[in-house]
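Student: Got a minute to go through the aromatic side chains with me? I'd like to start with burial and then move around a bit.
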Amino acid sequence: MPLSPNLRGALFMMVAMIGFTLNDAITKFSSESMNMAQVMLVRGAFASVLVGLLAWQQGALARPGSMLQPLVALRVVGEAGATVAFLVALAHLPIANVSAVLQALPLAVTMGAALVFGEGVGWRRWLAIAVGFGGVLIIVRPGFEGFSVYSLWALVSVACCAVRDLATKRIPQAIPTLLVSTATAIAMTIVGAVLLSPMGGWTPMSGKGTALLALAAVLVLIGYQFIIMAMRAGDISFIAPFRYTALLWSMMLGLSIFGDVPDLPMIVGSAIIIGSGLYALYRERVVGRQKPAAESAGPDMAPDGI
């Protein structure tokens, strides 16, 4: 029997999360043999070619001057900050820990939309935001044994992602998404090139290392394609919670590839963040908002460099 639209959308969302998480795992693995600036440069170059060709094929490059629109530029700046912070955290922390902190992004976007755009957020959602960030503190553990300063980089990434997504919401509809993606990919490549020398310079790459980063770029594009398919397949309120499967994939890959065993604070904090996010999504559906935070924040959750 054919799947219902909602179940098909949920399946697409889980596939997208697998793609993004595999990209993260490849990126973390690559950081063991080269600095993160080189990872940004090489992956960004592949991504720029791939997304640029796709944009050209779809006719999205007809007005390249739109890349200089202020909100597009702000989105690119937010993405650049998020990507650098995310990659630094990913290189030094278990992949599941970084993924868990990033799960707070919809809460951060909801808070930003209330503070910056004046969108109505009731006390229940403010409470969910507070509880969710309490879960983040449990994972980060400031002032306690097990605290890593690199956890703060993950928090910086969340803040920059929130700026990125809030800017994205205000980009004029006339500017094609693929044009914005092309601008972002090119910008990430340039940022990687600029940071290459300060971060240690170029490390000779093997054919395998190059192929892995090319695969990472392809996986990100596959992830975005399946997110689009998911959002178009069924109800967002049903499909969006399946983005949290990214944390499950992160735990599995972290354990199988890097030998990272999640500890109790990480598991408890993750459960609190996910519970708060799901409740905030429920409340947004109850009050009838047109676009819930799960959609506006981008279900991929993490900076992508594309």
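Student: Is Phe20 buried or exposed?
Tutor: Phe20 is buried, because its relative accessible area is 7% and the cut-off for buried is under 20%. Keep in mind that this is a predicted model.

Student: OK, and how many aromatic pairs does the structure hold?
Tutor: There are 4 aromatic pairs. One of them is Phe20 with Tyr224, an edge-to-face pair with 5.2 Å centre to centre and 85° between the planes.

Student: Where do those two sit in the chain?
Tutor: Phe20 is in helix H1 (residues 5-30) and Tyr224 in helix H9 (residues 207-233), so the pair links distant parts of the chain, 204 residues apart. Tyr224 counts as partly exposed, at 22% relative accessibility.

Student: Which other pair can you show me, a tilted one maybe?
Tutor: Try Phe238 and Phe242: that pair is tilted, with 5.7 Å between centres and 45° between the planes. Phe238 is partly exposed at 32% relative accessibility, and Phe242 is partly exposed at 26%.

Student: Which helix is Phe238 in?
Tutor: Phe238 belongs to helix H10 (residues 236-239). Phe238 also joins Leu3, Leu7 and Leu11 in a nonpolar surface patch, with about 330 Å² of accessible area together.

Student: Switching topic: which charge lies over the face of Phe117?
Tutor: That's Arg170, at 3.9 Å from the ring centre.

Student: And what sits over the ring of Phe258?
Tutor: The charged end of Lys28, 5.5 Å from the centre of that ring.

How values were computed:
Residues are numbered from 1 along each chain as its sequence is written. This is a predicted model: local features need pLDDT of at least 70, side-chain atom pairs count only at pLDDT 80 or more; totals for chains, interfaces and linings use all residues. Side-chain values use heavy atoms; hydrogens and water are left out. Patches are made of residues with over 30% relative accessible area and no salt bridge: like charges are joined within 9 Å, nonpolar side chains (Val, Leu, Ile, Met, Phe, Trp, Tyr) within 5 Å. Accessible areas come from the Shrake-Rupley method with a 1.4 Å probe; for residues, only the protein chains shown count as cover. A salt bridge is a side-chain nitrogen of Lys or Arg within 4 Å of a carboxyl oxygen of Asp or Glu. Helices (H or I, at least four residues) and strands (E, at least two) are DSSP runs, numbered from the N terminus. Rings of Phe, Tyr and Trp (its six-membered ring) pair if their centres lie within 6.5 Å; planes under 30 degrees apart count as stacked, over 60 as edge-to-face and the rest as tilted. Buried means under 20% relative accessible area, exposed over 50%, partly exposed in between (1.4 Å probe, protein chains only). A charge sits over a ring if NZ of Lys or CZ of Arg is within 6 Å of the ring centre and within 35 degrees of the ring normal.
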